[in-house]
Amino acid sequence: MIIVMVPGAKEADIKRVLARLEQRGYGHHVSAGVERTIIGAIGANEREKQQVAEQLMGLPGVERVVPILKPYKLVSRDHHPEGTVVTIGTARFGAGKVGVIAGPCTIESEKQLREAALAVKNAGAVVLRGGAFKPRSSPYDFQGLREEGVELLGAIGQEVELPTITEVMEPRQIEVVLQHVDALQIGARNMSNFDLLREAGATGRTIMLKRGYAATVEEWLKAAEYVATSGNLNILLCERGIRSFDSITRFTLDLGGMAAAKLETHLPIIVDPSHATGTHKLVSPMALAAVAGGADGLMIEVHPHPDQARCDGPQSLTPKRFASLMDQVRSLVQVMGETM
Ligand code: PEP
Ligand code: MN
């Protein structure tokens with residue numbers, strides 16, 4: 001870290017900072033300029049770095065403390081310069097492989113899920129999604145079929161030969177979900193549920209971590225680092241829109257943040273234009289923009305009859321609309337020199 005002293009800092013203040021650094025096991029190098037002194041510090045203990053920086057900030061004569069290393073390590077490109085390929089069953093994402101995860105927002109019945117699953121499989125999706133434990137904003141809204149939904153997802157996934165993913169909202173749901181489903185989704189509302197991140201990571205299964213709608217890219221990557229520190233780098237990141245001042249779309253799809261995150265991390269990034277835009281009319285343009293911008297995959301909500309959906313009908317594509325989007329995505333992926 002770099003400690004910047006205030007202009008004209010007293011000798012005693014500088015000495016106090018150096019003494020504190022030595023006490024905490026840091027080597028240091030002092031650059032005394034005409035106006036101000038800057039101290040470079042190299043520390044031994046990664047875990048204490050933040051704490052030491054905060055304590056130094058409180059000392060007299062210190063203007064600011066600037067960290068040099070990123071606050072995430074295992075998920076960073078510094079640690080692993082090549083893109084990582086992450087799999088869910090037979091599906092591959094990253095390093096030039098673009099995959100599409102699709103299915104209904106919520107599993108409503110065997111018939112609804114089967115129709116959706118056949119439609120997305122025939123159109124070329126590589127993973128079947130469906131919510132069973134639903135994080136609804138209102139307690140009066142349909143909360144999902146829960147365990148029954150998880151069983152249906154496993155059975156229909158096998159029937160249509162697609163690997164599956166569903167959301168878990170708390171650690172107790174992980175065991176039952178993993179008896180039937182291949183991968184775990186951690187939703188936007190739980191991105192900072194650190195115990196859930198750790199426990200999901202410890203299963204070793206692929207985790208798709210959605211970006212919280214009020215989270216910075218750095219906070220999102222730090223959340224992924226929690227999963228990684230459980231020894232699991234099978235992580236897909238998912239940009240799903242953030243809150244902004246404009247309510248013309250449900251959220252604001254942050255494709256700039258997605259592209260910036262790709263420079264920072266070796267993990268594949270999936271884009272979810274369904275939750276980001278809230279309307280089926282904007283799903284295709286934003287899906288194509290995401291792939292053109294370097295996304296490693298898409299997550300699209302598809303319902304056989306969006307007008308009868310119990311959740312997120314307005315943003316769900318009909319099977320026909322989804323098939324036509326997939327044709328466009330295939331052409332674009334080819335132009336980009338990638339494969340599906
Ligand atoms: C979902 O994908 O089903 C979902 C609830 O999304 P998010 O967590 O992004 O709101
Ligand atoms: Mn949804």
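**Close-up 1. Asp312, a buried residue at the manganese ion.** In this predicted model, Asp312 has a relative accessible area of 16% and is buried, because buried residues are those under 20%. Asp312 offers an OD atom to the manganese ion (ligand 2). Its place in the fold is the loop between β14 (297-301) and α11 (319-335).

**Close-up 2. The protein donors of the manganese ion (ligand 2).** Here we look at the whole set: Cys105 through SG, His275 through NE2, Glu301 through OE and Asp312 through OD. These donors lie 2.0 to 2.4 Å from the manganese ion. If you follow the chain along the sequence, the donor residues are spaced C-x169-H-x25-E-x10-D. His275 sits in helix α9 (residues 273-277) and Asp312 in a loop, so this pair ties together parts that are 37 residues apart in sequence. And is His275 buried or exposed? With a relative accessibility of 10%, His275 counts as buried.

**Close-up 3. Helix α6 crossing helix α7.** Now we turn to two helices, α6 (residues 194-202) and α7 (residues 217-229), whose axes come within 7 Å of each other. The axes cross at roughly 40°, which makes α6 oblique to α7. The crossing in which α6 passes α7 is right-handed. Which residues make the contact? On the α6 side they are Phe194, Leu197, Arg198 and Gly201, and α7 brings Ala223, Tyr226 and Val227. Sorted by class, this contact of α6 with α7 has five nonpolar residues, one polar and one charged. Arg198 is the charged one, because Arg counts as charged, and Gly201 is the polar one, because Gly is placed among the polar residues.

**Close-up 4. Ala95, a residue with positive phi.** Have a look at the backbone of Ala95: phi is near 50°, a positive value in a residue other than glycine. You will find Ala95 in the loop between β6 (91-93) and β7 (99-103). Its relative accessible area is 55%, and Ala95 is exposed.

**Close-up 5. Arg146, with phi near 55°.** The phi angle of Arg146 is positive too, in a residue other than glycine. Where does Arg146 lie? Arg146 belongs to the loop between β8 (127-129) and α4 (147-160). How much of Arg146 is accessible? The relative accessible area of Arg146 is 35%, and the residue is partly exposed.

Key
Residues numbered from 1 in each chain as written. Chains lettered and ligands numbered in written order. Predicted model: local features only at pLDDT ≥ 70, side-chain atom pairs only at ≥ 80, totals over all residues. Heavy atoms only, no water. Donors = N, O, S within 2.8 Å, 3.2 Å for Na, K, Ca; no water. Helix = DSSP H or I, 4+ residues; strand = E, 2+ residues; numbered from the N terminus. Buried < 20%, exposed > 50% of the residue type's maximum accessible area, 1.4 Å probe, protein only. Axes fitted to C-alpha atoms, helices over the stretch in contact; angles between N-to-C directions. Parallel < 35°, antiparallel > 145°, perpendicular 65-115°, else oblique. Left-handed = near helix turned anticlockwise from the far one by under 90°. Contact = heavy atoms within 4.5 Å.
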